[in-house]
Amino acid sequence: MQRGIAAALVAIGIASSGLSIAAHHSFAAQYDREKPITLKGAITKLEWANPHIYFYIDVADRGATVNWAIEGGAPSTLYRAGWRKDSAKVGDVVTIDGFLARDGSKLVNMQNAVLADGRKLFVGTQTYYTKGR
Amino acid sequence: MEALRLFARGVVATAVLMLAVPAAAQPPAPPDMSGFWINQYTPDLSAALGKQPPFTEFGAERWRTVDTAKDPTGFCLPVGPSRGFTAPFPFLLVQHEKMIAIMFEYQSIWRAIYMDGRTHPDDLADYPYFMGHSLGRWEGDTLVVDTQGIDERSWLDTAGHEHSAKLRLTERFRKTGPDTIQWSVTYDDPVYFTRPWSIERTFTRGKPGDRVLPYTCNENNKDVEHLRPNQPNLKYKHVPEPPAAKKPPGEY
């Protein structure tokens, strides 16, 4: 039952986040739904800019540190969902669930993000202003 | 004297006429559609239509082979006149007797709908607009907009429905309540479709004080370097619509 609820929540998250990028271009032209990934690291930079926000995290990988790019929703959509450009700060540790870029670069489309204290970050992009279908 | 009497009778008759029909002679004022409106997000028009549009052979082959990595909006090219109303971003409508302006948050782009009775320019085909050239008129309480000269590089939706330079849009905007507009759009493009087809969506008024937010697409469009060819419809099989049944003579 727990797993069923979790799966449903993930599905809702994917659907809503997928919407945000689908406005600009097809999700599948950039990301691979068959390649989910979870990453954890400290934010090194945040770009609150159109058409979609990007932020970057340092992820420990077998003794090295790899900087990953994380793509989120459109700034206006996130703003209306209550997020601000200082909702996350450089140094905040965040865990990301998302999908890998198809071109093999260190880039992930964010579906869910959780800060170290358990707060969600830059999610819930389907709002009153983007109600679908 | 007789002439004077006739003149007086004429004056009285005219006055009576003017008194009798003032209300009937004046068309009702058109409804005010100004404001901040929220789209009904529709990334795939066929979902709203319930099936694929009636493709020509050419249109079907374009749909089968479309590469969504080539979506013009992915490169920040303008969204096109109808897709602006199906994207997940609001718009402002400013209404004037001689012109209606649509200002989309998405791409911070606009449409001018000329209401002054002009015609489309003769050289429109040579100088198309990504957002088309739009003429509007009121039919009762309905705003009817004819749009032509739409640059064929724009797409109709995110799913990858395309169109030719011959696309002609007919849109109908009708207020169905103080806070809702019913929008119907007819796509007429003989290159891509065998007949005109239509969908209907609803715009919902925003909250008082709502504002459009910045959307400058090229500000940080990093996506473009990561796009890779993506053809999701290669298995699509085109089934042409059966020809419309011919009515027997005498039936209408």
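**Exercise 1. Locate B:Cys76 in chain B, then describe its backbone and its exposure.**

Solution. In this predicted model, B:Cys76 sits in the loop of chain B that runs between α4 (57-65) and β2 (91-95). The next step is the backbone, where the phi angle of B:Cys76 is near 70°, a positive value in a residue other than glycine. The last step is to count neighbours: B:Cys76 has 18 C-beta neighbours inside 10 Å, and because a residue is buried from 20 such neighbours and exposed at 12 or fewer, B:Cys76 counts as partly exposed.

**Exercise 2. Carry out the analysis for A:Arg62, and decide whether A:Arg62 is buried or exposed.**

Solution. Begin again with the position, which for A:Arg62 is the loop between β2 and β3 (64-71) of chain A. Its phi is near 50°, which is a positive value in a residue other than glycine. A:Arg62 counts as exposed because it has 5 C-beta neighbours inside 10 Å.

**Exercise 3. Which peptide bond leading to A:Pro51 is cis, and where does A:Pro51 lie?**

Solution. The bond in question runs from A:Asn50 to A:Pro51, and its omega is near 0°. As for its place, A:Pro51 belongs to the loop of chain A between β1 (31-47) and β2 (54-61).

**Exercise 4. Set out the architecture of each chain, from secondary structure to burial and contacts.**

Solution. Take chain A to start with: it holds 2 helices and 5 strands, which follow one another along the sequence as α-β-β-β-α-β-β. Of the 133 residues in chain A, 41% are buried, and among its contacts between residues at least 6 apart in sequence, 58% join residues at least 24 apart.

Turn next to chain B, which has 4 helices and 9 strands, arranged along the sequence in the pattern α-α-β-α-α-β-β-β-β-β-β-β-β. Buried residues account for 31% of the 252 residues of chain B, while 63% of its contacts between residues at least 6 apart in sequence join residues at least 24 apart. The confidence for chain B can be added here, with a mean pLDDT of 92 and 88% of its residues at 70 or more.

**Exercise 5. Which residues touch the most other members of the largest nonpolar core, and which elements contribute to this core?**

Solution. The largest nonpolar core comprises 38 residues, and those that touch the most other members are B:Trp37, B:Tyr106, B:Trp183 and B:Tyr187. Elements of chain B that give two or more residues to this core include β1 (35-38), α4, β6 (142-148) and β7 (168-177), and β8(B) gives the most, with 4 residues. To look at one of these residues in detail, B:Tyr106 is in contact with B:Val79, B:Gly84, B:Ala87, B:Phe89 and B:Tyr215, once neighbours within four places in sequence are left aside. A second, separate core has 22 residues, among them A:Tyr31, A:Ala74, A:Ile96 and A:Val108.

**Exercise 6. Describe the contact between the two chains, starting from how many residues each chain supplies.**

Solution. Chain A brings 28 residues to the contact and chain B brings 32 residues. On the side of chain A that touches chain B, α1 (2-22) and α2 (75-80) each supply at least two residues, and the largest share, 3 residues, comes from α2(A). Sorted by character, the residues on this side of chain A divide into 12 nonpolar, 11 polar and 5 charged. For the complex as a whole, the predictor gives an ipTM of 0.83 and a pTM of 0.85.

How values were computed:
Residues are numbered from 1 along each chain as its sequence is written. Chains are lettered from A and ligands numbered from 1 in the order in which they are written. This is a predicted model: local features need pLDDT of at least 70, side-chain atom pairs count only at pLDDT 80 or more; totals for chains, interfaces and linings use all residues. Two residues are in contact if their C-beta atoms, placed from the backbone, lie within 7 Å. Ala, Val, Leu, Ile, Met, Phe, Trp, Tyr, Cys and Pro count as nonpolar, Asp, Glu, Lys and Arg as charged, and the others, Gly among them, as polar. pLDDT is the predictor's confidence in each residue, from 0 to 100. A nonpolar core is a set of buried Ala, Val, Leu, Ile, Met, Phe, Trp, Tyr and Cys residues joined through C-beta atoms within 7 Å.
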